[in-house]
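This report describes the fold of one chain and then turns to a few of its parts. The sequence and structure come first.

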Amino acid sequence: MNAIITATELASELTGATGPVLLDVRYQLGGPPGRPEYEAGHLPGAVYVDLDAELAGKPGTAGRHPLPDLDAFATAMRAAGVRADRPVVTYDGGQGWAAARAWWLLRWAGHREVRVLDGGLAAWQASGGAMSTDRVTPEPGDFAPVPGGMPLLTAEQAAALARRGVLLDARAGERYRGEVEPIDPVAGHIPGAVSAPTAENIAEGGTVFRPAAELAERFAAVGATATAEVGVYCGSGVSAAQQVLALAVAGVPAALYVGSWSEWTADPSRPVATGPQPG
C-alpha cells in the first residue's frame with residue numbers, strides 16, 4: 001500500500017460503502033491545540049486526535065514527544081474508531097508532520113493500512129472537497145497495538161547508525177549546523193548525522209510531496225538509498241516522521257529515532273557536533 005493518498009483518491013474512496021477512518025491531527029509546534037480549528041471545519045466523518053495528549057507521552061528525559069503509553073494510545077485509537085480491518089487516513093493542516101506522526105505510530109503499532117493525505121487539508125479544499133462542522137462520534141474500534149511494525153532507534157542505536165550507515169537530521173539546516181537552537185538546551189547535531197531538512201520533501205510553493213522520483217534523487221544525494229541502512233531524527237520525533245514517510249514514498253525504508261535531539265541533549269555526556277559537516 002502506498003504511504004500517501006491524494007485528495008481525489010480519498011474522495012473516491014469515501015463514496016464507498018465502507019470508507020477509511022479519518023483522523024484529523026492538526027497541530028502547531030508551540031501553538032494552541034488544533035481542536036478549535038477542527039471544530040470550525042473538518043473532513044466529513046473525521047475524528048480529531050490530539051498529538052500532545054494522544055500521540056506522545058509526557059515530556060522528559062526521553063524527549064519532548066516520546067512514545068505514548070501503549071494502553072493509552074490503544075484507548076485513544078479505539079475511541080477514534082480505528083479498527084484492524086479498516087484502512088486509516090490521517091491528515092493535518094500543513095506539510096504532513098503531525099499526520100505522519102499518527103501514520104508512523106499506527107504502522108509501528110501493527111496497523112497495516114494507514115496513509116497520509118498528501119497536502120493535508122489545503123489539498124482537500126483545493127480539490128473542492130466538502131467540509132463539515134458536525135460532531136463526530138464514531139463506533140468504537142477494536143485496534144490492539146502490536147509494536148514492531150516499523151523500525152525504532154534508541155539514542156545509542158542512532159549514534160551507532162550514524163557511524164555505520166546514514167542518519168538523517170530532519171531539522172532546518174541552521175539548527176543542524178549549531179547556528180541557532182530555539183528549543184533545546186544545546187545547538188548542533190549527532191556526530192556523523194547528515195543534514196536533510198524536511199522542507200525539501202515538499203513541492204515548491206505548496207504542501208504536497210515532491211514526486212517519488214525526485215524524492216529518491218534527493219535522498220540518494222545524501223546516501224539514503226534502498227540498499228543503505230537509514231535512520232532519521234529531528235527535534236522531538238514529529239517532523240522526522242514526515243521524513244520517514246517521504247523516504248517510504250521514495251522506496252527507502254528508514255528507522256525513526258523518536259527521542260531525537262530533545263532526548264539526545266537531555267544527557268550532557270552525549271557528544272555534539274557543529275558546522276556543515278557530519279563531524
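## Burial and the model

A residue counts as buried when its relative accessible area is under 20%, and as exposed when that area is over 50%. The model is predicted. Asp 169 has a relative accessibility of 0%, so this residue is buried. Across the chain, buried residues account for 50% of the 279 residues.

## Overall fold

The chain contains eleven helices and ten strands. Its radius of gyration is 18 Å, close to the 19 Å given by the globule rule for 279 residues, so the chain is as compact as a globular protein of that length. The C-alpha trace spans about 55 × 35 × 30 Å along its principal axes.

Of the contacts between residues at least 6 apart in sequence, 75% join residues at least 24 apart.

## Surface and charge

About 12,000 Å² of the chain is exposed, and 53% of this area comes from carbon and sulfur atoms. There are 20 positive and 30 negative side chains. The centres of these two sets lie 3 Å apart.

## Asp 169 in strand β7

Strand β7 covers residues 166-169 and includes Asp 169. The side chain of Asp 169 forms a polar contact of 2.7 Å with the side chain of Arg 171.

Leaving aside residues up to four places away in sequence, Asp 169 touches Tyr 176, His 189, Val 194, Ser 195, Ala 196, Pro 197 and Tyr 233.

## Arg 175 in helix α8

Arg 175 belongs to helix α8, which runs over residues 173-177. With a relative accessible area of 13%, Arg 175 is buried. Its side chain makes a polar contact with the side chain of Glu 181 at 2.9 Å.

Glu 181 is also among the residues that Arg 175 touches when those up to four places away in sequence are not counted. The others on that list are Arg 64, Val 180, Pro 182, Ile 183, Asp 184, Gly 188 and Gly 235.

## Helix α10

Helix α10 spans residues 239-249, and ten of its eleven residues are buried, so the helix is largely enclosed by the rest of the structure. The buried residues are Ser 239, Ala 240, Ala 241, Gln 242, Gln 243, Val 244, Leu 245, Ala 246, Leu 247 and Val 249.

Gly 251, just after α10, has a positive phi of about 85 degrees.

Technical notes. Residues numbered from 1 in each chain as written. Predicted model: local features only at pLDDT ≥ 70, side-chain atom pairs only at ≥ 80, totals over all residues. Heavy atoms only, no water. Helix = DSSP H or I, 4+ residues; strand = E, 2+ residues; numbered from the N terminus. Rg over C-alpha atoms; globule rule 2.2 N^0.38 Å. Buried < 20%, exposed > 50% of the residue type's maximum accessible area, 1.4 Å probe, protein only. Contact = heavy atoms within 4.5 Å. Areas by Shrake-Rupley, 256 points an atom, 1.4 Å probe, with all protein chains shown as cover. Lys, Arg positive; Asp, Glu negative; His and termini not counted. Charge placed at Lys NZ, Arg CZ, Asp CG, Glu CD. Polar contact = N/O pair within 3.5 Å; in protein donor to acceptor, adjacent residues only side chain to side chain.
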